[in-house]
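Subject: Structure handover

Dear colleague,

Here is the structure you will be working with. Please look through it before reading on.

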Amino acid sequence: MPHTAYIRKKRNPKRTLITLSVVVVAVIAAAITHFVVNVNPIIETVIGEEAKHSTTIIINESVKAAIGAEVDYDDIIEISRDGENNIKSLSVNTILINSIALDTTLIAQSRLKSVGEIPVNVPIGTLSGITFLGGTGPSVNIRCLPIGSVVISYKSVFQAAGINNTLHTITMIADVSVNVIVPGLTKTVSLRTEIPLVNTIIVGAVPDTYLQSNLLDEMLNLIP
């Protein structure tokens with residue numbers, strides 16, 4: 001009875017190595033694609049919100065530090081009246097208003113520089129990009145470094161407050177641009193914080209030149 005010969009084909013080590021390399025590269029490429037498509041936007045959103053929250057606190061604290069003692073409306077706006085007690089004009093204490101703006105800017109920028117890295121904890125389930133896993137699992141600690149600039153301006157608003165009475169509010173506006181830097185990612189976050197500075201009820205008719213124009217805003221925003 002003839003013997004059947006079995007010939008075992010030898011494996012080609014070089015071909016096996018190439019196949020394994022292709023598989024590894026494909027897995028790495030898939031992981032990178034998932035990270036870029038799903039994880040990066042999540043990280044951008046999370047660190048963006050955290051940067052906004054931290055920066056808003058810094059701006060509010062900087063305004064308080066710049067003002068120091070409470071500032072009254074009369075410290076900023078001087079109302080000039082005629083002999084019949086009618087309002088002739090409103091003038092701005094530009095030295096004080098510029099001083100507050102400059103101090104706020106310097107303090108805020110200094111605090112942004114000194115705040116250092118902000119730790120942001122993101123659950124693994126959230127990073128997965130899968131909706132029903134959001135907020136689940138252990139957290140991954142991401143550290144971001146905020147570097148920002150601050151621009152201060154003012155807004156003047158007049159509102160009717162009864163017969164011949166006008167509520168006048170002066171608001172400080174802080175426009176902040178923060179570059180949030182994390183390994184492999186840089187995101188620019190822009191935010192605007194409005195802080196009511198002073199307000200008062202003005203008794204008597206306010207001249208239309210102030211009510212219906214941005215004249216007082218221009219007077220307030222004489223910051224060098």
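Below is what was found in it, from the overall layout down to single residues.

Please keep in mind that this is a predicted model.

Overall layout

The protein contains 6 helices and 6 strands. Read from the N terminus, the order of elements is α-α-β-β-α-β-α-β-β-β-α-α. Among contacts with a separation of 6 or more, 65% join residues that lie 24 or more positions apart. The protein has 224 residues, and 32% of them count as buried. Its accessible surface is about 14100 Å², and carbon and sulfur atoms supply 58% of that area.

The interior

The largest nonpolar core has 43 residues. Which of its members touch the most others? They are Ile76 and Tyr154. For Ile76, setting aside neighbours within four places in sequence, the contacts include Val71, Ser91, Val92, Asn93, Leu96 and Ile97. Further along the chain, Ile76 also contacts Ile170, Leu197, Val198 and Leu220.

Thr55 belongs to helix H1, which covers residues 13-67. Is Thr55 buried or exposed? Its relative accessible area is 2%, which is under the 20% limit, so Thr55 counts as buried. Apart from neighbours within four places in sequence, Thr55 is in contact with Leu112, Val176, Val178 and Leu191.

The surface

Leu145, Ile147 and Ile181 together make a nonpolar surface patch of about 230 Å². Of these residues, Leu145 sits in strand E4, which runs over residues 139-160. Leu145 has a relative accessible area of 33%; because this falls between 20% and 50%, the residue is classed as partly exposed.

Pro119 is part of strand E3, residues 118-123. With a relative accessible area of 43%, Pro119 also lies between the 20% and 50% limits and is therefore partly exposed. How far apart are Pro119 and Asn141 in space, C-alpha to C-alpha? The distance is 6.5 Å, while 22 residues separate Pro119 and Asn141 in sequence.

Where to look in the viewer

For the interior, Ile76 and Tyr154 mark the members of the largest nonpolar core that touch the most others, and Thr55 gives a buried position in helix H1. For the surface, the patch of Leu145, Ile147 and Ile181 can be displayed together, followed by the pair Pro119 and Asn141.

Regards

Definitions and conventions. Residues numbered from 1 in each chain as written. Predicted model: local features only at pLDDT ≥ 70, side-chain atom pairs only at ≥ 80, totals over all residues. Heavy atoms only, no water. Core = buried A, V, L, I, M, F, W, Y, C linked by side-chain atoms within 4.5 Å. Buried < 20%, exposed > 50% of the residue type's maximum accessible area, 1.4 Å probe, protein only. Contact = heavy atoms within 4.5 Å. Helix = DSSP H or I, 4+ residues; strand = E, 2+ residues; numbered from the N terminus. Areas by Shrake-Rupley, 256 points an atom, 1.4 Å probe, with all protein chains shown as cover. Patch = residues over 30% accessible without salt bridge, like charges linked within 9 Å, V, L, I, M, F, W, Y side chains within 5 Å. Salt bridge = Lys/Arg side-chain N within 4 Å of Asp/Glu carboxyl O.
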